[in-house]
Amino acid sequence: MLGEIAAVTPGPYVHVGGDEALGTDPADFRAMIELATRIVAETGKTPLTWHEASVADLPRGTIGQYWGFRTGDHAERARAFADKGGRLILSPADAIYLDMKYDAETPIGLTWADGPTSVARSYDWDPAGVIPDLPEAAILGVEAPLWTETVRTLADIDLLMFPRIGSAAEAGWSPPAGSAERTWESFRERIAGLEEAWTEAGIGFHRADGIPWR
C-alpha cells in the first residue's frame with residue numbers, strides 16, 4: 001500500500017501518521033513505525049510522521065509534525081527529529097487547528113485544544129518559539145489542519161477556515177511575531193480589508209470580534 005501511495009505521489013514526502021496510539025504496547029508501536037518509515041524510505045520518499053513517532057528508530061532525515069500546544073511536554077519528542085537530521089512541520093493545536101471553535105457560541109467545531117481558539121489567539125504565536133532550543137533551520141514550515149468531525153457542508157469549512165487561515169499564513173511566511181511588520185493591530189486591519197474580496201468570491205467567514213469589518 002505504501003509503495004502504491006509513493007508511486008502516485010508527486011511530492012517528496014509520504015506521511016505515515018503515528019499519533020493517537022495510546023492503547024498500543026510501546027514495543028509494538030515502535031516496531032510498526034520503524035517498519036512503515038523504512039518502507040517509505042525504500043521507495044525514495046522521505047517519511048513524515050507525527051511527533052510521537054520520535055521514540056522509534058527512524059530513517060535519518062524523517063520529518064516530524066508537531067501537533068502539541070504552543071507550550072507543553074511534547075517538545076522533547078519533537079526536537080528529536082532535528083537531532084536525527086530531520087526537520088519539523090509545526091501545527092500547534094491551540095493556535096493553528098482550524099477545527100476549533102472561535103468561542104462558546106460557534107455552532108460547530110471542538111474545544112479540546114485548551115478551549116476555543118479566537119482569531120486573536122490564532123495570530124498570537126511564532127514558529128520559532130514553539131519548540132525550545134530548536135534551530136530555525138530545522139523548521140520546514142507550518143500546516144493548519146482542518147479535521148472534519150463536526151463539518152457537514154462546504155459552508156462549514158469556510159466558517160472554520162476564514163479568517164484564521166490568514167493567521168496561519170502570516171505565521172509561516174512573515175517576520176517574527178512582535179516585529180514592526182507583524183502585529184495584531186496591523187493584521188486586524190488587513191484581514192478586514194479582505195471582506196469584500198471574500199464576499200465577491202462567495203466565501204463565508206466568521207465575523208470575529210476585534211476586527212473592524214464594514
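**Figure 1. E42 and R38 pair up within helix α2.** Let's start with E42, which is exposed at a relative accessible area of 57%. Its partner here is R38, which is partly exposed, with a relative accessible area of 41%. As in every view that follows, the model shown is predicted. The two side chains meet in a salt bridge, at 2.9 Å from N to O. Both residues belong to helix α2, which covers residues 26-42, and they sit four residues apart, about one turn of the helix. Side chains of opposite charge can pair when their charged atoms come close.

**Figure 2. A salt bridge joins the side chains of D94 and R70.** Here the N to O distance is 3.2 Å. D94 is in helix α4 (residues 93-96), while R70 is in the loop between β3 (63-66) and α3 (75-83), so the pair ties together parts that are 24 residues apart in sequence. Have a look at the surroundings too: both D94 and R70 are buried.

**Figure 3. E195 forms a salt bridge with R214.** The closest N and O atoms of this pair are 4.0 Å apart. Distant parts of the chain are linked here, with E195 in helix α9 and R214 in the segment after α9, 19 residues apart. E195 is buried, at a relative accessible area of 6%, whereas R214 is exposed, at 72% relative accessibility. Keep R207 in view as well, since E195, R207 and R214 are linked in a network of salt bridges. For the structure as a whole, the count comes to seven salt bridges.

**Figure 4. S122 is a buried residue in helix α5.** Its relative accessibility is 2%, and because buried means under 20%, S122 falls in that class. A polar atom of the S122 side chain lies 2.7 Å from the backbone oxygen of V119. Leaving aside neighbours within four places in sequence, you will find S122 in contact with A95, T117, R164 and S167.

**Figure 5. Helix α8 has buried residues at F187, I191 and A192.** The helix spans residues 184-192. Viewed down the axis of α8, the buried residues fall within an arc of 125°, so they line one face of the helix. What lies over them? The cover on the buried residues of α8 includes α5 (119-123), α7 (164-173) and α9 (195-200). Two of these names may be familiar from the earlier views: α5 is the helix that holds S122, and α9 is the one that holds E195.

How values were computed. Residues are numbered from 1 along each chain as its sequence is written. This is a predicted model: local features need pLDDT of at least 70, side-chain atom pairs count only at pLDDT 80 or more; totals for chains, interfaces and linings use all residues. Side-chain values use heavy atoms; hydrogens and water are left out. Buried means under 20% relative accessible area, exposed over 50%, partly exposed in between (1.4 Å probe, protein chains only). Helices (H or I, at least four residues) and strands (E, at least two) are DSSP runs, numbered from the N terminus. The arc is that of the directions from the helix axis to the C-beta atoms. Contact means heavy atoms within 4.5 Å. A polar contact is a pair of N or O atoms within 3.5 Å; within protein, one must be able to donate a hydrogen and the other to accept it, and residues adjacent in sequence count only if both atoms are side-chain atoms.
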